[in-house]
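User: Please take a close look at the largest cavity. Which residues line it, and which class does each kind of residue fall into?

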Amino acid sequence: MQSIQENLTKLVTDGLNLSVAELLRYQQLTRLMDLTPKRTPQARLAGSYLTRHKGRGMEFDEARHYQAGDDIRAIDWRVTARTGKTHTKIYREERERPVFILCDLSPSMQFGTRLLTKAVQAAHLTSLISWSAATRGDKVGALLFSSGKHRECKPLSRKRAVLNICHELITLQQHSINAQADEQAQTAAFTDVCARARRLARPGSLVYLISDFQHLSEASQQHISQLSRHCEVNAVEITDPMEHALPDTSIVQPVNVTDGHAQQTWMLGDKQEMAAYRQWREQQESAIAAAFSRSRVSHHHVSAGLSLDDQLLELHRGLR
(Lines give C-alpha, C1' and ligand atoms only; values in the text may rest on other atoms or scores of the structure.)
Protein backbone atom coordinates (compact mmCIF):
# COMPACT_ATOMS: atom_id res chain seq x y z
CA MET A 1 0.00 0.00 0.00
CA GLN A 2 1.60 3.25 -1.14
CA SER A 3 1.68 6.20 1.24
CA ILE A 4 0.03 9.50 0.32
CA GLN A 5 3.44 11.08 -0.31
CA GLU A 6 4.46 8.22 -2.60
CA ASN A 7 1.23 8.63 -4.54
CA LEU A 8 1.73 12.38 -4.85
CA THR A 9 5.25 11.79 -6.15
CA LYS A 10 3.97 9.26 -8.69
CA LEU A 11 1.30 11.70 -9.84
CA VAL A 12 3.83 14.58 -10.03
CA THR A 13 1.56 16.83 -7.96
CA ASP A 14 1.16 18.50 -4.57
CA GLY A 15 -2.57 17.73 -4.63
CA LEU A 16 -3.66 21.38 -4.75
CA ASN A 17 -1.95 23.12 -7.66
CA LEU A 18 -1.71 22.03 -11.28
CA SER A 19 1.45 21.74 -13.37
CA VAL A 20 2.26 20.90 -16.97
CA ALA A 21 4.13 17.74 -15.92
CA GLU A 22 1.20 16.14 -14.10
CA LEU A 23 -1.20 16.77 -16.99
CA LEU A 24 1.28 15.62 -19.65
CA ARG A 25 1.66 12.38 -17.68
CA TYR A 26 -1.74 11.18 -18.91
CA GLN A 27 -0.52 11.18 -22.52
CA GLN A 28 1.06 7.80 -21.68
CA LEU A 29 -2.09 6.40 -20.02
CA THR A 30 -4.69 6.69 -22.78
CA ARG A 31 -5.21 2.91 -22.70
CA LEU A 32 -7.13 3.43 -19.44
CA MET A 33 -9.93 5.38 -21.15
CA ASP A 34 -12.34 3.75 -23.62
CA LEU A 35 -14.01 6.38 -25.81
CA THR A 36 -15.84 3.94 -28.06
CA PRO A 37 -19.27 5.47 -28.79
CA LYS A 38 -22.24 3.80 -27.11
CA ARG A 39 -24.67 5.64 -29.41
CA THR A 40 -24.64 6.12 -33.15
CA PRO A 41 -22.62 9.26 -34.00
CA GLN A 42 -24.81 11.98 -35.49
CA ALA A 43 -22.20 14.48 -36.67
CA ARG A 44 -22.31 15.29 -40.36
CA LEU A 45 -18.58 15.52 -40.95
CA ALA A 46 -16.56 12.58 -42.23
CA GLY A 47 -14.59 10.88 -39.50
CA SER A 48 -13.35 7.61 -38.07
CA TYR A 49 -16.47 6.03 -36.53
CA LEU A 50 -18.74 3.61 -38.35
CA THR A 51 -22.44 4.38 -38.05
CA ARG A 52 -25.63 2.50 -38.81
CA HIS A 53 -26.28 4.92 -41.68
CA LYS A 54 -25.58 3.41 -45.07
CA GLY A 55 -24.05 5.52 -47.78
CA ARG A 56 -20.80 6.21 -49.59
CA GLY A 57 -18.29 5.42 -46.90
CA MET A 58 -15.19 3.23 -46.95
CA GLU A 59 -16.46 0.20 -45.00
CA PHE A 60 -18.42 -2.36 -47.05
CA ASP A 61 -21.75 -3.24 -45.44
CA GLU A 62 -23.79 -5.37 -47.87
CA ALA A 63 -24.82 -5.98 -51.46
CA ARG A 64 -28.47 -5.54 -52.44
CA HIS A 65 -30.58 -5.36 -55.58
CA TYR A 66 -29.96 -2.26 -57.67
CA GLN A 67 -32.62 0.40 -57.17
CA ALA A 68 -33.46 3.44 -59.26
CA GLY A 69 -31.21 6.30 -58.24
CA ASP A 70 -28.30 4.13 -57.03
CA ASP A 71 -24.83 5.18 -58.16
CA ILE A 72 -23.85 2.92 -61.09
CA ARG A 73 -20.22 3.17 -59.92
CA ALA A 74 -21.20 1.07 -56.90
CA ILE A 75 -22.56 -1.89 -58.92
CA ASP A 76 -21.15 -5.18 -57.65
CA TRP A 77 -20.31 -6.88 -60.94
CA ARG A 78 -19.29 -10.20 -59.36
CA VAL A 79 -22.59 -10.67 -57.52
CA THR A 80 -24.47 -9.41 -60.61
CA ALA A 81 -22.73 -12.00 -62.82
CA ARG A 82 -23.32 -14.81 -60.32
CA THR A 83 -27.02 -14.11 -59.70
CA GLY A 84 -28.03 -12.70 -63.06
CA LYS A 85 -29.57 -9.68 -61.33
CA THR A 86 -27.97 -6.28 -60.89
CA HIS A 87 -26.64 -5.70 -57.35
CA THR A 88 -25.05 -2.61 -55.85
CA LYS A 89 -22.57 -2.28 -52.99
CA ILE A 90 -23.67 -0.44 -49.84
CA TYR A 91 -21.08 1.07 -47.54
CA ARG A 92 -21.30 2.09 -43.93
CA GLU A 93 -20.67 5.79 -43.50
CA GLU A 94 -17.90 7.13 -41.32
CA ARG A 95 -18.73 10.19 -39.25
CA GLU A 96 -16.74 12.43 -36.99
CA ARG A 97 -17.49 12.23 -33.26
CA PRO A 98 -16.11 15.29 -31.42
CA VAL A 99 -15.40 15.01 -27.69
CA PHE A 100 -16.50 17.90 -25.47
CA ILE A 101 -15.60 18.23 -21.78
CA LEU A 102 -17.20 20.43 -19.14
CA CYS A 103 -14.84 20.68 -16.14
CA ASP A 104 -15.85 22.27 -12.83
CA LEU A 105 -13.09 24.02 -10.85
CA SER A 106 -15.42 26.11 -8.69
CA PRO A 107 -14.86 26.72 -4.94
CA SER A 108 -16.80 23.60 -3.86
CA MET A 109 -14.30 21.56 -5.87
CA GLN A 110 -11.35 23.03 -3.92
CA PHE A 111 -11.79 20.45 -1.18
CA GLY A 112 -9.76 17.36 -0.38
CA THR A 113 -8.85 15.37 2.73
CA ARG A 114 -6.97 12.30 1.52
CA LEU A 115 -4.86 12.77 -1.63
CA LEU A 116 -6.05 15.42 -4.10
CA THR A 117 -8.62 18.18 -4.09
CA LYS A 118 -11.66 17.40 -6.20
CA ALA A 119 -10.63 20.14 -8.65
CA VAL A 120 -7.20 18.57 -9.25
CA GLN A 121 -8.77 15.14 -9.79
CA ALA A 122 -11.25 16.71 -12.23
CA ALA A 123 -8.34 18.28 -14.13
CA HIS A 124 -6.52 14.93 -14.24
CA LEU A 125 -9.59 13.25 -15.69
CA THR A 126 -10.05 16.07 -18.20
CA SER A 127 -6.45 15.64 -19.31
CA LEU A 128 -6.81 11.87 -19.68
CA ILE A 129 -10.01 12.16 -21.73
CA SER A 130 -8.41 14.83 -23.92
CA TRP A 131 -5.28 12.79 -24.63
CA SER A 132 -7.40 9.70 -25.31
CA ALA A 133 -9.57 11.61 -27.78
CA ALA A 134 -6.53 13.07 -29.57
CA THR A 135 -4.94 9.62 -29.79
CA ARG A 136 -8.06 8.28 -31.52
CA GLY A 137 -8.08 11.19 -33.95
CA ASP A 138 -11.14 12.92 -32.46
CA LYS A 139 -11.45 16.66 -32.16
CA VAL A 140 -11.62 17.67 -28.51
CA GLY A 141 -12.96 20.86 -26.96
CA ALA A 142 -13.70 21.96 -23.42
CA LEU A 143 -15.60 24.42 -21.27
CA LEU A 144 -13.72 25.03 -18.01
CA PHE A 145 -15.29 27.16 -15.30
CA SER A 146 -14.92 28.48 -11.80
CA SER A 147 -16.32 31.30 -9.70
CA GLY A 148 -17.04 34.15 -12.10
CA LYS A 149 -14.72 32.85 -14.82
CA HIS A 150 -14.84 30.35 -17.65
CA ARG A 151 -12.62 29.29 -20.52
CA GLU A 152 -13.90 27.99 -23.84
CA CYS A 153 -11.52 25.74 -25.76
CA LYS A 154 -12.78 25.24 -29.30
CA PRO A 155 -12.73 21.67 -30.63
CA LEU A 156 -9.39 21.04 -32.32
CA SER A 157 -7.54 17.91 -33.32
CA ARG A 158 -4.29 16.34 -32.21
CA LYS A 159 -1.80 17.46 -29.60
CA ARG A 160 -2.45 21.19 -30.05
CA ALA A 161 -5.99 20.85 -28.68
CA VAL A 162 -4.89 19.01 -25.53
CA LEU A 163 -2.04 21.39 -24.78
CA ASN A 164 -4.46 24.31 -25.02
CA ILE A 165 -6.88 22.64 -22.58
CA CYS A 166 -4.03 21.82 -20.15
CA HIS A 167 -2.81 25.42 -20.23
CA GLU A 168 -6.30 26.77 -19.48
CA LEU A 169 -6.77 24.24 -16.64
CA ILE A 170 -3.58 25.41 -14.96
CA THR A 171 -4.45 29.09 -15.34
CA LEU A 172 -8.02 28.71 -14.09
CA GLN A 173 -7.02 26.54 -11.13
CA GLN A 174 -4.57 29.20 -9.96
CA HIS A 175 -7.46 31.67 -9.92
CA SER A 176 -9.89 29.25 -8.29
CA ILE A 177 -7.83 28.26 -5.25
CA ASN A 178 -8.56 31.55 -3.48
CA ALA A 179 -11.99 32.24 -5.00
CA GLN A 180 -14.85 33.01 -2.60
CA ALA A 181 -17.52 30.36 -2.11
CA ASP A 182 -20.87 32.01 -2.77
CA GLU A 183 -23.56 29.30 -3.01
CA GLN A 184 -26.01 31.30 -5.14
CA ALA A 185 -23.26 32.47 -7.46
CA GLN A 186 -21.97 28.92 -7.91
CA THR A 187 -25.45 27.61 -8.71
CA ALA A 188 -26.00 30.39 -11.24
CA ALA A 189 -22.56 29.78 -12.78
CA PHE A 190 -23.19 26.04 -13.11
CA THR A 191 -26.56 26.68 -14.80
CA ASP A 192 -24.97 29.17 -17.19
CA VAL A 193 -22.19 26.74 -18.11
CA CYS A 194 -24.68 23.93 -18.79
CA ALA A 195 -26.57 26.28 -21.11
CA ARG A 196 -23.29 27.15 -22.88
CA ALA A 197 -22.37 23.48 -23.23
CA ARG A 198 -25.75 22.80 -24.78
CA ARG A 199 -25.00 25.43 -27.44
CA LEU A 200 -21.34 24.54 -28.01
CA ALA A 201 -21.46 20.73 -28.16
CA ARG A 202 -22.20 19.61 -31.69
CA PRO A 203 -24.90 16.97 -32.24
CA GLY A 204 -23.35 13.52 -31.99
CA SER A 205 -20.57 14.64 -29.63
CA LEU A 206 -19.35 12.56 -26.72
CA VAL A 207 -19.81 14.90 -23.75
CA TYR A 208 -18.26 14.56 -20.29
CA LEU A 209 -19.62 16.64 -17.39
CA ILE A 210 -17.02 16.55 -14.58
CA SER A 211 -18.14 18.09 -11.28
CA ASP A 212 -19.25 17.35 -7.72
CA PHE A 213 -22.74 18.46 -8.86
CA GLN A 214 -23.38 20.17 -5.54
CA HIS A 215 -24.97 23.05 -7.44
CA LEU A 216 -27.16 21.01 -9.76
CA SER A 217 -30.45 22.92 -10.07
CA GLU A 218 -33.70 22.30 -11.91
CA ALA A 219 -32.62 24.77 -14.60
CA SER A 220 -29.24 23.10 -15.14
CA GLN A 221 -30.95 19.69 -15.23
CA GLN A 222 -33.15 20.90 -18.08
CA HIS A 223 -30.11 22.02 -20.08
CA ILE A 224 -28.40 18.67 -19.48
CA SER A 225 -31.54 16.80 -20.50
CA GLN A 226 -31.72 18.78 -23.75
CA LEU A 227 -28.01 18.13 -24.36
CA SER A 228 -28.48 14.36 -23.94
CA ARG A 229 -31.07 14.30 -26.72
CA HIS A 230 -28.42 14.99 -29.34
CA CYS A 231 -25.19 13.86 -27.65
CA GLU A 232 -23.89 10.93 -25.63
CA VAL A 233 -23.50 12.48 -22.17
CA ASN A 234 -21.48 11.06 -19.27
CA ALA A 235 -21.67 12.73 -15.85
CA VAL A 236 -18.62 12.02 -13.70
CA GLU A 237 -19.18 12.93 -10.07
CA ILE A 238 -15.97 13.75 -8.17
CA THR A 239 -16.24 13.14 -4.43
CA ASP A 240 -13.97 13.17 -1.39
CA PRO A 241 -13.99 10.29 1.15
CA MET A 242 -15.07 12.62 3.98
CA GLU A 243 -18.15 13.63 2.00
CA HIS A 244 -19.54 10.11 2.40
CA ALA A 245 -18.98 9.73 6.15
CA LEU A 246 -17.39 11.69 8.98
CA PRO A 247 -14.23 10.20 10.53
CA ASP A 248 -15.06 7.70 13.27
CA THR A 249 -13.27 8.40 16.56
CA SER A 250 -13.34 6.60 19.90
CA ILE A 251 -14.08 9.79 21.85
CA VAL A 252 -16.43 12.69 21.14
CA GLN A 253 -14.48 15.78 20.15
CA PRO A 254 -15.35 19.09 18.47
CA VAL A 255 -13.58 19.97 15.24
CA ASN A 256 -13.73 23.35 13.56
CA VAL A 257 -14.03 23.24 9.77
CA THR A 258 -13.95 26.10 7.29
CA ASP A 259 -14.16 26.76 3.57
CA GLY A 260 -11.82 29.70 3.98
CA HIS A 261 -14.65 32.09 4.81
CA ALA A 262 -17.48 30.53 6.85
CA GLN A 263 -16.77 28.25 9.82
CA GLN A 264 -18.67 25.37 11.45
CA THR A 265 -18.07 23.03 14.38
CA TRP A 266 -18.58 19.29 13.90
CA MET A 267 -18.76 16.78 16.76
CA LEU A 268 -16.68 13.80 15.68
CA GLY A 269 -17.49 10.56 17.48
CA ASP A 270 -21.10 11.59 18.10
CA LYS A 271 -23.06 8.63 16.71
CA GLN A 272 -26.26 10.60 16.23
CA GLU A 273 -24.53 13.41 14.34
CA MET A 274 -22.58 10.94 12.22
CA ALA A 275 -25.76 9.07 11.30
CA ALA A 276 -27.55 12.31 10.43
CA TYR A 277 -24.62 13.38 8.25
CA ARG A 278 -24.56 10.04 6.43
CA GLN A 279 -28.32 10.15 5.85
CA TRP A 280 -28.11 13.70 4.49
CA ARG A 281 -25.32 12.69 2.13
CA GLU A 282 -27.21 9.62 0.91
CA GLN A 283 -30.28 11.76 0.17
CA GLN A 284 -28.13 14.23 -1.75
CA GLU A 285 -26.51 11.44 -3.75
CA SER A 286 -29.89 9.84 -4.52
CA ALA A 287 -31.21 13.16 -5.83
CA ILE A 288 -28.21 13.57 -8.16
CA ALA A 289 -28.52 10.00 -9.43
CA ALA A 290 -32.27 10.40 -10.03
CA ALA A 291 -31.71 13.63 -11.98
CA PHE A 292 -29.26 11.96 -14.35
CA SER A 293 -31.47 8.90 -14.71
CA ARG A 294 -34.38 11.09 -15.82
CA SER A 295 -32.11 12.79 -18.35
CA ARG A 296 -30.78 9.48 -19.70
CA VAL A 297 -27.26 10.46 -18.73
CA SER A 298 -24.66 7.87 -17.68
CA HIS A 299 -23.59 8.58 -14.10
CA HIS A 300 -20.11 7.63 -12.85
CA HIS A 301 -18.10 8.23 -9.68
CA VAL A 302 -14.44 9.11 -9.19
CA SER A 303 -12.83 9.64 -5.78
CA ALA A 304 -10.34 12.40 -5.08
CA GLY A 305 -8.87 10.20 -2.36
CA LEU A 306 -7.31 7.70 -4.79
CA SER A 307 -5.21 8.08 -7.91
CA LEU A 308 -7.14 8.06 -11.17
CA ASP A 309 -4.84 5.31 -12.48
CA ASP A 310 -5.71 2.91 -9.66
CA GLN A 311 -9.46 3.52 -9.96
CA LEU A 312 -9.54 2.91 -13.71
CA LEU A 313 -7.34 -0.18 -13.45
CA GLU A 314 -9.65 -1.56 -10.75
CA LEU A 315 -12.64 -0.87 -12.99
CA HIS A 316 -11.02 -2.72 -15.89
CA ARG A 317 -10.25 -5.71 -13.68
CA GLY A 318 -13.88 -5.80 -12.56
CA LEU A 319 -15.10 -5.89 -16.18
CA ARG A 320 -12.99 -8.91 -17.10
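Analyst: The answer begins with the cavity, turns to a ring pair in its lining and ends with a pocket.

The model is predicted, with local features requiring pLDDT of at least 70 and side-chain atom pairs pLDDT 80 or more, while totals for chains, interfaces and linings use all residues. Residues are numbered from 1 along each chain as its sequence is written, and side-chain values use heavy atoms, without hydrogens and water.

A cavity is a set of points on a 1 Å grid over the protein atoms alone where a 1.4 Å probe fits but cannot get out; lining residues have an atom within 4 Å of a point. The count comes to one cavity of 30 Å³ or more. The largest cavity has a volume of about 40 Å³, a volume being the space filled by probe spheres set on points joined across faces, edges and corners.

Its lining consists of Asp104, Ser106, Phe145, Ser146, Ser147, Gln186, Ala189, Phe190 and His215. Strand 5 (139-146) and helix 6 (183-200) are the elements that give two or more residues to this lining; both kinds of element are DSSP runs numbered from the N terminus, helices being H or I with at least four residues and strands E with at least two. Helix 6 contributes the most, with three residues. By class, the lining has three nonpolar, five polar and one charged residues. Here Ala, Val, Leu, Ile, Met, Phe, Trp, Tyr, Cys and Pro count as nonpolar, Asp, Glu, Lys and Arg as charged, and the others, Gly among them, as polar.

Phe145 and Phe190 of this lining also form a ring pair: their ring centres are 6.0 Å apart and their planes lie at 55 degrees, so the pair is tilted. Rings of Phe, Tyr and Trp (its six-membered ring) pair if their centres lie within 6.5 Å, and planes under 30 degrees apart count as stacked, over 60 as edge-to-face and the rest as tilted. The pair links distant parts of the chain, since Phe145 is in strand 5 and Phe190 is in helix 6, 45 residues apart. In the whole structure, five aromatic pairs are found.

A pocket, in turn, is an open set of points with protein on both sides within 12 Å along at least five of seven lines. The second largest pocket has a volume of about 520 Å³. Among its 21 lining residues, Met33, Tyr208, His300, Leu312 and Leu315 are the closest to its centre. Helix 10 gives the most to this lining, with five residues, and the lining divides into 11 nonpolar, seven polar and three charged residues.
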